[in-house]
Number of protein chains: 2
Amino acid sequence: MKIALAQLNYHIGNFEGNFAKMQDAILKAKKNQADLICFSELASCGYPPRDFLEFRDFISQSMNLVNKLCELSHDIAIVVGAPSVNPNLEGKDLFNSAFFLYEGKVQSITHKALLPNYDIFDEYRYFEPNRKFEMVHFKSKKIAVTICEDIWNLGNENPMYTICPLDEVIDQKPDFILNLSASPFSYEHAKDRLNVLRANVLKYKIPIFYVNCIGAQTDILFDGGSAVLSGDGLCYEELPFFIEDLQYYDLDSVTAGGINREQEKNEIELIYQALVLGIRDYFNKMGFSKAILGLSGGIDSALTACLAVAALGKDQVRVLLMPSQYSSEGSVLDAIALADNLGIQYDTIPIGSVFNEYKSTLDPYFKNLPENVTEENIQARIRGMLLMAFSNKFSAILLNTTNKSEMAVGYGTLYGDLCGGLAVLADVYKTQVYQLANYINRQNEIIPENTIQKPPSAELKPGQKDSDSLPDYSILDKILYQYIEKSLGPKELIQMGFDPAIVMQTLKMVNRAEFKRYQSPPVIRVSSKSFGLGRRMPIEAKYLN
Amino acid sequence: MKIALAQLNYHIGNFEGNFAKMQDAILKAKKNQADLICFSELASCGYPPRDFLEFRDFISQSMNLVNKLCELSHDIAIVVGAPSVNPNLEGKDLFNSAFFLYEGKVQSITHKALLPNYDIFDEYRYFEPNRKFEMVHFKSKKIAVTICEDIWNLGNENPMYTICPLDEVIDQKPDFILNLSASPFSYEHAKDRLNVLRANVLKYKIPIFYVNCIGAQTDILFDGGSAVLSGDGLCYEELPFFIEDLQYYDLDSVTAGGINREQEKNEIELIYQALVLGIRDYFNKMGFSKAILGLSGGIDSALTACLAVAALGKDQVRVLLMPSQYSSEGSVLDAIALADNLGIQYDTIPIGSVFNEYKSTLDPYFKNLPENVTEENIQARIRGMLLMAFSNKFSAILLNTTNKSEMAVGYGTLYGDLCGGLAVLADVYKTQVYQLANYINRQNEIIPENTIQKPPSAELKPGQKDSDSLPDYSILDKILYQYIEKSLGPKELIQMGFDPAIVMQTLKMVNRAEFKRYQSPPVIRVSSKSFGLGRRMPIEAKYLN
């Protein structure tokens, strides 16, 4: 039996586009005489469809797509993820299902049993869990069809769930496991995922064919890494990360095992690729090609510009240098050097005259009040407005350059440097920003060394440095990681050896910045806990602040 | 037996403040010789605590509060909602519980069985549902303790749930039902709620004591309306809406029934009160007292100013008039008349000079390109920036004045008129804005009649009217209501008789504006479906757009 795995990039609600992609893969698979082709979880409508699932019209368009696929299934079996309507009166309206299509008919529908409802996941909001477990019979083979999370409760060791779907069918002696996933990327996740697949095949002694999707759905990224593991625990093949692919496997050869082709996983390289795809996909799916961003001479905007060029091409990226009276000459020169290295169009627009006009407009009201954060914010907002004017006039999406450390502690101006259609680095800590910059410079200097070496500064008042108001990033980032990614509280952090005053100052800043994050652009997610729908916090709470 | 119901306003994570309020109520109840006092759902930590529930420190501070209450329970029983740790390895880490405290001890802990996980609710993200049903015995009475949603599956008719908790205990013959709720306000909900309470008492033939909280948690509002119903289905008493209250009831008298004191419910009046409390609470809980907003002479900003004055007092509300070259003289006069009627400080700051400075700064890049939405947005953003400058300089929160119709179709400028700490009207359709304006003017003219009568206009280009780019609000709002509140799709809307072209244009505008809403301020929720966490939509989907 020849099995085709289709690792594709879907677009939410784009039923026509998604069908065209699948049709193309099916025709290729037929030519290659595959017996079965498998697509990923909710491939019909794209993942995560969110509240579109509450629209009957959306579900019916998804079913139309499944029916059209059905017509292509006369000499190949097609396994595809799609929502299906729960026929029972009790329970949620939908199941998260895998349709098994063959000979022009729906042969079976398998529902997902384990529904993630944590972090970015809301599956229990829409779906009823499966409680009935059956295998699919196809050409004298028995297939255990599972969907994503279904294989993540091995031995029932995951406290969130009370059943392990494969335990329910293993007595029927399946020949192999098929898993349709929409498993989001985080830089630590690729390894975890392969470990879970390995544990499954070692327990059940049968191969697994695991199909993930790729692509960005605004904030959430899918990295692919679809894989085939044999019952001996070896990785027969792992599909590439962040690239569409269609591969064929002979079941007998996989069952025989003995082959290991696991690919290398470098965290910084994965983050780099993720961010590039995150930008590219957002533009593609929104129907834009041009990006605009501000270059300050600092490392965050420099890195963002490099990623944008890698994603969209240098002719599609335009940058503005917007020095104020507090900008150092070095910053401007560094920004120009970067733009030259990247070969992108840049313009220098000093903000002094607009700033002065604001000040004289406000002078009758502010009178002799001392300058403070108000005037710093005005500068940041003038830059945001100039960038948005270019964005509007030239149909370019503004890329936001804020990093995760700043976004965490609220070191940024709402409607100023927090403007943008997409926050490229807001899930990348400052210390990781440096690692990415060095990765980009690994062969030759693209980001000027001076940009990497100089102390970070917002340059909004004379001699300002980030370290005036923030702890050192080397310490700050460690505290933030434990608080944000690991949900550790003040006592636990202090027990770990962090300075109590710095801990309390940091947590206070994070909790007080919730109102800013609420209005910030969507953040490309590369960690296990990013700002956005995966981290839901009250704005006006009084806790540690 | 004398039962006290405490309808209080809690602050998320403010354990000290919440304890002080409860202690005060307990001392009063003791003086009044109450046998039992009941607080609402998750009163310890405030509702909804969201992902703070994932912090062990947060849970342990909540448990400290419960233990402190316990010490006050020597001669009064205290029933209080708080998260409790699930001692079992399997399942979510927490239960959503009601602690029954008496004689200095935790006498019992009842867990919530039905966990809402739709709209704004995410309870299944955190809590394990109860599966064990027992009554609480107290002073020779048997009490069926339930939490909020537990009484919303009467006769198991709610398809989302498979059990009805009261059915599980009714054989044990409880004397009355206690329900601890955190039941959010929407303008249709107060009636539904009373109907549900009535259905429960009529089915089980015993009284119910229902305790809700009041107050705003940023976007989500609680209206109180705690109630006591006797077994004959009559409303023995309903507590006021949007006001803290502490009331006492003699169980025998309630059981005897025969008394009906249901309060009147006027939807527009309820929305008015809700918005006023929404503003007041946001400021209180964020620690601010002063508001700033822009007055355009239009009805949305006029209404917002009236609500702000009602919430904060006229001395705490300051407004800016920021006419451009396209503002009509009438608009400025209308705005001044309103400010005078309200007695609030206003300043007139024409935006022409800053606008011209922007234009000349951008001229070398925009060259001979025709003026378009870019220049309209610049004007809106100058206003946003001036307001934010006042906000920063005078520690005032900027109130956003966008209405729900505009927010739905994206008729607003990101970082311009979409700025603000809180969107006061963004869950109020334009047609409801008029109703509220008339409600405010019911005794004398506060909002100038001209503001109410003139055709709506953004005044960003010569002779501009909303009706140039939008369908009539009377039709638009009906389509939006069916699409947003009722999740109806294009076919269903056209079947209802709406013009197909207008339907498709409207849905397209709504779906394309998702990127704007993502970055908009939190919206005070008054309907059953508001923008924010209750409506989760992908940004880059290709569906009906």
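Copies are superposed by least squares on the C-alpha atoms of residues with pLDDT of at least 70 in both. In this predicted model, such a superposition lays chain A on chain B with an RMSD of 0.0 Å, by a turn of 180° and a shift of 0.0 Å along the axis. The two copies are therefore related as by a two-fold rotation axis. Among the residues of chain A, the closest approach to this rotation axis is made by A:Gln519, whose C-alpha lies at 2.1 Å.

The interface was examined next. Of the interface residues of chain A, 100% are also interface residues in chain B, so the copies meet through the same surface. For the complex, the predictor gives an ipTM of 0.97 and a pTM of 0.97. The average pLDDT of chain A is 97, and 100% of the residues score at least 70.

Within chain A, the domain assignment gives two entries: domain 1 covers residues 2-265 and domain 2 covers residues 283-468. Between the C-alpha centres of domain 1 of chain A and domain 2 of chain A there is a separation of 41 Å.

A local feature of chain B is a hairpin of strands E12(B) and E13(B). Strand E12 of chain B consists of residues 227-229 and strand E13 of chain B of residues 235-238; three bridges join the strands, which pair in the antiparallel sense. One of the residues involved is B:Ala227, whose bridge partner in E13(B) is B:Glu238. Five residues lie between the strands of this hairpin, and B:Gly233 takes a positive phi near 90°.

Technical notes. Residues numbered from 1 in each chain as written. Chains lettered and ligands numbered in written order. Predicted model: local features only at pLDDT ≥ 70, side-chain atom pairs only at ≥ 80, totals over all residues. Domains from an automatic or database assignment. pLDDT = per-residue confidence, 0-100. Contact = placed C-beta atoms within 7 Å. Pairing = 2+ DSSP bridges. Helix = DSSP H or I, 4+ residues; strand = E, 2+ residues; numbered from the N terminus.
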